[in-house]
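Reader: Before we go through the labels attached to this model, could you set out the reasoning behind each of them?
Author: Gladly; let us take them one at a time.

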Amino acid sequence: MNHPRKSIDPVIHAPVRFSIVAALAPVEQSDFASLRDAVEISDSALSKQITTLENAGYVVVRKAFVGRRPRTYLSLSREGREALTLHIRALRQIAEAVEDPA
């Protein structure tokens, strides 16, 4: 047998990173400040977690200028969307076992 916990993604499983990818999933992209506010963490904490997600290939970071002000835009990569889908599927399978014990 293959327990669903084996499909949990250790990068996404951390609560803050899970919140970040969940916030990015329904949008094409988000600016840094909006994502920070949605996830309710500090700039430095978001930056650190974004680096981890970017290194895993799950988040794409794009830097641009709006006038003279730098802006950072974030989006989920295709790999990030797939990883999130598989992660949620594993969590649901585990939860279903609790709701309907055999």
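Reader: What makes the pairing of Arg-36 and Asp-37 a salt bridge?
Author: In this predicted model, the side chains of Arg-36 and Asp-37 come to 3.0 Å, N to O, and because the cut-off for a salt bridge is 4 Å, the pair qualifies.

Reader: Why is Arg-36 called partly exposed?
Author: Its relative accessibility is 23%, and since buried requires under 20% and exposed over 50%, Arg-36 falls in between and is therefore partly exposed.

Reader: What links Asp-43 to Arg-36?
Author: Asp-43 forms a salt bridge with Arg-36, with the closest N and O atoms 2.8 Å apart, which is again within 4 Å. Glu-79 and Arg-78 also meet in a salt bridge, at 3.3 Å, N to O, while Arg-36, Asp-37 and Asp-43 are joined into one network by salt bridges that share partners.

Reader: Why does Arg-78 count as exposed, and Glu-79 as partly exposed?
Author: Arg-78 has a relative accessible area of 56%, and the threshold for exposed is over 50%, so Arg-78 is exposed; Glu-79, with 38%, lies between the two limits and is therefore partly exposed.

Reader: How do you know that Asp-9 has no salt bridge?
Author: The nearest side chain of opposite charge, Arg-17, is 7.3 Å away, whereas a salt bridge has to be within 4 Å, so buried Asp-9 is left without one.

Reader: Why is Ser-77 called buried?
Author: Ser-77, in the loop between β3 (69-76) and α5 (78-99), has 8% relative accessibility, and because buried means under 20%, the label follows.

Conventions. Residues numbered from 1 in each chain as written. Predicted model: local features only at pLDDT ≥ 70, side-chain atom pairs only at ≥ 80, totals over all residues. Heavy atoms only, no water. Helix = DSSP H or I, 4+ residues; strand = E, 2+ residues; numbered from the N terminus. Buried < 20%, exposed > 50% of the residue type's maximum accessible area, 1.4 Å probe, protein only. Lys, Arg positive; Asp, Glu negative; His and termini not counted.
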